[in-house]
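Hi everyone, thanks for coming. Please have the sequence and the structure open, and follow along with me as we go.

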Amino acid sequence: MNKIKRIAAMIGVIVLVGMYVVTLILGLTASPATQNMLMASIVCTVVIPVLIYAMMLVARVLGSSNGKNPPNDENPEEKRSGKKNSGSKKGK
């Protein structure tokens with residue numbers, strides 16, 4: 001799973017860098033269709049990372065809801081020892 005995440009991250013970096021290069025090239029050229037392509041490139045430069053972030057959030061929520069990842073409301077020390085702190089003070 002970790003290898004898949006690395007490959008997906010590398011593909012995302014390549015796509016983003018490619019969009020930045022295309023945006024730069026379109027910004028420097030003077031063609032009649034350049035303005036529309038430049039605006040589309042600028043919009044994609046903002047929208048695609050936002051969509052990737054949203055998909056990661058959804059995947060995290062769906063992954064934890066089916067029992068793979070327990071909620072993080074427990075102290076890791078309590079989880080290892082199997083004891084829960086009842087909130088009472090020690091020594092009473």
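Let's begin with helix 1, which runs over residues 2-28. Helix 1 has 27 residues, and from its first C-alpha to its last it reaches 39 Å. At 1.5 Å a residue, the expected value is 39 Å, and the helix comes close to that. Please keep in mind that this is a predicted model.

Now, which residues of helix 1 are buried? They are Gly12, Met19, Thr23 and Leu26. Try finding each of those four on your screen, since some of these names will come back in a moment.

Next, look at isoleucine 25, also in helix 1. Is isoleucine 25 buried or partly exposed? Its relative accessible area is 47%, and buried would mean under 20% while exposed would mean over 50%, so isoleucine 25 counts as partly exposed. Isoleucine 25 also belongs to a nonpolar surface patch, together with Met10, Val13, Ile14, Val17 and Val21. That patch covers about 550 Å². And here is a pair to locate: isoleucine 25 and leucine 38 sit 13 residues apart along the chain, with 8.9 Å between their C-alpha atoms.

Let's move on to helix 2, residues 34-65, where we find threonine 45. What is the relative accessibility of threonine 45? It is 14%, and because the cut-off for buried is under 20%, threonine 45 counts as buried. Leaving out residues up to four places away in sequence, threonine 45 touches Met19, Tyr20 and Thr23. You have met two of these names already: Met19 and Thr23 are among the buried residues of helix 1.

Proline 49 is in helix 2 as well. With a relative accessible area of 28%, proline 49 lies between the 20% and 50% cut-offs, so we call it partly exposed. Which residues does proline 49 touch, if we again skip those up to four places away in sequence? The answer is Leu16 and Cys44. Glycine 12 is worth a look here too: 37 residues separate it from proline 49 in sequence, yet their C-alpha atoms are 8.5 Å apart in space.

Finally, let's step back to the whole chain. How many helices and strands does it have? There are 3 helices and 0 strands, and along the sequence the pattern reads α-α-α. Of the 92 residues, 9% are buried. The accessible surface comes to about 8,200 Å², and carbon and sulfur atoms account for 68% of that.

Methods
Residues numbered from 1 in each chain as written. Predicted model: local features only at pLDDT ≥ 70, side-chain atom pairs only at ≥ 80, totals over all residues. Heavy atoms only, no water. Helix = DSSP H or I, 4+ residues; strand = E, 2+ residues; numbered from the N terminus. Expected span 1.5 Å × (residues − 1). Buried < 20%, exposed > 50% of the residue type's maximum accessible area, 1.4 Å probe, protein only. Contact = heavy atoms within 4.5 Å. Patch = residues over 30% accessible without salt bridge, like charges linked within 9 Å, V, L, I, M, F, W, Y side chains within 5 Å. Areas by Shrake-Rupley, 256 points an atom, 1.4 Å probe, with all protein chains shown as cover. Salt bridge = Lys/Arg side-chain N within 4 Å of Asp/Glu carboxyl O.
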